[in-house]
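Hi everyone, and thanks for coming. I'd like to walk you through a structure that may be new to you, so let's bring it up on the screen.

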Amino acid sequence: HLKLNNYNPETCIRRKAHLTELISWCEKHGINHPSDATYEHLSEYARYVNSSKKKDSKNKRGVPLSIRTRYNKIATVISFLNFLHKEGHILYNPGSGLDLPKTPKRLPMNVLNNDDMVKILSVPDTRTKTGLRNRAILELLYSTGIRLKEFQNLEPADIDYERGLILIRQGKNNKDRYVPIGNAALSWIKRYEIEVRPDFLKNRLKIFPA
């Protein structure tokens with residue numbers, strides 16, 4: 001169902017893993033059909049999730065799951081039961097009253113200042129093909145703040161030099177959007193396209209690093 005609705009493949013994999021864990025827990029507790037599940041069962045499962053720990057090589061007892069992970073596991077269960085209810089497999093969602101862990105809203109830590117960014121952008125040796133390519137990549141990422149997968153899906157035609165925009169196809173929530181890009185980044189990208197990219201394509205070199 002998620003795949004048919006164009007959900008991100010990683011989201012599908014993650015939710016499948018969460019539901020596999022739920023089903024395993026239900027089997028151990030004698031719950032063999034969704035209609036057998038009660039609010040009490042799901043509350044107990046939520047307590048199980050909140051007390052779960054992940055393996056840690058430095059701590060034999062393990063470490064608690066992050067709030068985000070616990071939130072996602074429980075939210076997946078609620079979403080799954082909503083789906084079953086809409087499809088007519090159960091009369092109501094017994095997990096609709098479950099409390100989700102509150103995720104803290106924090107500002108980004110260790111943000112780089114201008115001097116730090118200048119040093120990073122200056123690392124690639126632009127006298128080499130790979131160096132010029134890498135400088136163009138860093139400038140683009142720094143200027144736009146787009147996600148790695150969005151960057152990897154970019155095509156030359158997605159860059160609008162006249163308006164200073166790049167088209168992001170199927171970005172977050174599978175939506176297309178335009179993102180502004182600065183003149184410095186555009187200048188480096190243009191150099192890359194003219195001086196380097198043709199040789200990369202001709203010699204079948206990797207256009208982007210792994």
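Let's start at Val179, which touches Thr144, Ile146, Gly164, Leu165, Ile166 and Ile168, if we set aside residues up to four places away in sequence. Before I go further, please keep in mind that what you see is a predicted model. To find Val179 on the screen, look for strand 5, residues 177-180. Is Val179 buried or exposed? Its relative accessible area is 8%, and buried means under 20%, so Val179 is buried. Now look along the chain to Arg191, twelve residues from Val179: the two C-alpha atoms are separated by 20 Å.

Arg191 also takes us to our next stop, Val196, because Arg191 is among the contacts of that residue. Val196 is found in helix 7, residues 183-202. Leaving aside its neighbours within four places in sequence, Val196 is in contact with Lys129, Leu132 and Arg191. At 3% relative accessibility, Val196 counts as buried. How far apart in space are Val196 and Cys26? From C-alpha to C-alpha they are 57 Å apart, with their positions 170 residues apart in sequence.

You just heard Leu132 named as a contact of Val196. Let's use Leu132 once more, as a landmark for Lys119. In sequence, Lys119 and Leu132 are 13 residues apart, and in space their C-alpha atoms are 15 Å apart. Lys119 has its place in helix 4, residues 114-121. With a relative accessible area of 59%, Lys119 is exposed.

Let's turn to helix 1, which is residues 9-28. Helix 1 has 20 residues, and from its first C-alpha to its last it reaches 29 Å, close to the 28 Å expected at 1.5 Å a residue. Which of its residues are buried? They are Thr11, Cys12, His18, Leu19, Leu22, Trp25 and Cys26. Seen down the axis of helix 1, these buried residues fall within an arc of 150°, so they line one face of the helix. Here is a bit of background: an α-helix has 3.6 residues a turn, so residues three or four places apart point the same way. What does the buried side of helix 1 pack against? The buried residues pack against helix 2, residues 39-51, and helix 3. On the face turned away from that buried side, helix 1 carries the exposed residues Pro9, Ile13, Lys16, Glu27 and Lys28.

Just a moment on the segment before helix 1, where Asn6 has its place. The phi angle of Asn6 is near 60°, a positive value in a residue other than glycine.

Now over to helix 3, which spans residues 67-86. Lys73 has its place in this helix. Is Lys73 buried or exposed? Its relative accessibility is 11%, so Lys73 counts as buried. Not counting residues up to four places away in sequence, Lys73 touches His18, Glu21, Val49 and Leu65. Of those, His18 is one we met among the buried residues of helix 1.

Phe83 is found in helix 3 too. At 28% relative accessibility, Phe83 counts as partly exposed. Phe83 and His1 are 82 residues apart along the chain, and their C-alpha atoms are separated by 9.4 Å.

That brings us to the pockets. The largest pocket has a volume of about 650 Å³. How many residues line the largest pocket? There are 25, and Asn8, Thr11, Arg14, Lys172 and Asn173 lie nearest its centre. The elements that give two or more residues to this lining are helix 1, helix 3 and helix 6, residues 148-152. By character, the lining divides into four nonpolar, twelve polar and nine charged residues.

The second largest pocket holds about 490 Å³ of space. It is lined by 15 residues, of which His1, Leu2, Arg15, Leu19 and Ser79 lie nearest its centre. Helix 1 and helix 3 are the elements that give two or more residues to this lining. Which of them gives the largest share? It is helix 3, with six residues. The lining of the second largest pocket divides into seven nonpolar, four polar and four charged residues.

That's my tour, and I'm happy to go back to any part of it. Thanks for listening!

Notes:
Residues are numbered from 1 along each chain as its sequence is written. This is a predicted model: local features need pLDDT of at least 70, side-chain atom pairs count only at pLDDT 80 or more; totals for chains, interfaces and linings use all residues. Side-chain values use heavy atoms; hydrogens and water are left out. On a 1 Å grid over the protein atoms alone, a cavity is a set of points where a 1.4 Å probe fits but cannot get out, and a pocket is an open set with protein on both sides within 12 Å along at least five of seven lines; lining residues have an atom within 4 Å of a point. Grid points are joined across faces, edges and corners, and a volume is the space filled by probe spheres set on the points. Helices (H or I, at least four residues) and strands (E, at least two) are DSSP runs, numbered from the N terminus. Ala, Val, Leu, Ile, Met, Phe, Trp, Tyr, Cys and Pro count as nonpolar, Asp, Glu, Lys and Arg as charged, and the others, Gly among them, as polar. The expected span of a helix is 1.5 Å times one less than its number of residues. Buried means under 20% relative accessible area, exposed over 50%, partly exposed in between (1.4 Å probe, protein chains only). The arc is that of the directions from the helix axis to the C-beta atoms. Contact means heavy atoms within 4.5 Å.
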